[in-house]
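Here's a quick briefing for anyone meeting this structure for the first time. Have a look at the model, then go through the points below.

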Amino acid sequence: MAKEEPPSTSKDLQELQKKLSLLIESVQNNPKVVAFLKSPVGQYLDRHPFLTLTLLVFVAVSAVPVGFFLLLVVLTSLAAFVGVILLEGLVISVGGLSLLCVLCGLGFVSLALSGIIIVSYVVVSSLISYWFSPRLLTQHNSSGNCQLAMKSADLEGLFRE
């Protein structure tokens, strides 16, 4: 009671075998493959088919992890590049705003210090001119203040010499 395969299945297998043999023939006739097989490495691999199969399987199996690793490297590099640009932009922006705030603060401080210096200069010069005015010295001399009269006499003596 053996089942016979339908005739279409054997015909499909023959067609598949024909396509596979055409593929193998096209690979073997490729000029790059012919040049590789004539090289010393190609001849060594031709004499050792188990090593060739092992190498082929290793390359095929390791292609996926190597591809993922290279994708990870590229994505990480892009992320780092974008991150550095964003981080650098953030640092420059924060630094620029900080510098602007510090310079504005220094401007207000210098404005206040200039105002204080000008007011102090006006007040001190007014006090000095009031304290050492000739009008005040003559009023004190006439009122009988001996110490001021002596000081003014000493000052006049110094200017005459």
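Val 119, Val 123, Val 124, Leu 127, Ile 128, Tyr 130, Trp 131 and Phe 132 make up a nonpolar surface patch, and together they offer about 810 Å² of accessible area. Patches here take residues with over 30% relative accessible area and no salt bridge, joining like charges within 9 Å and nonpolar side chains (Val, Leu, Ile, Met, Phe, Trp, Tyr) within 5 Å. A salt bridge, in turn, is a side-chain nitrogen of Lys or Arg within 4 Å of a carboxyl oxygen of Asp or Glu.

This is a predicted model, where local features need pLDDT of at least 70 and side-chain atom pairs count only at pLDDT 80 or more, while totals for chains, interfaces and linings use all residues. Residues are numbered from 1 along each chain as its sequence is written, and side-chain values use heavy atoms, leaving out hydrogens and water.

**Helices**
- The protein has six helices and zero strands, going by DSSP runs numbered from the N terminus (H or I, at least four residues, for helices; E, at least two, for strands).
- Val 119 from the patch sits in helix α4, which covers residues 49–131.
- Helix α4 has 83 residues and spans 117 Å from first C-alpha to last, close to the expected 123 Å (1.5 Å times one less than its number of residues).
- There's a kink of about 35 degrees at Ala 63 in α4, shortly before Pro 65; the bend is the angle between axes fitted to the seven residues ending there and the seven starting there.

**Surface**
- The accessible surface comes to about 14400 Å², with 75% of that belonging to carbon and sulfur atoms (Shrake-Rupley method, 1.4 Å probe; for residues, only the protein chains shown count as cover).
- Just 3% of the 161 residues count as buried, meaning under 20% relative accessible area, with exposed over 50% and partly exposed in between (1.4 Å probe, protein chains only).

**Cysteines**
- The count of disulfides (cysteine sulfur pairs within 2.5 Å) is zero.
- The sulfur of Cys 104 is 6.7 Å from the closest one, in Cys 101, so that's too far for a bond.
- Cys 101 is exposed at 58% relative accessibility, whereas Cys 104 is partly exposed at 40%.
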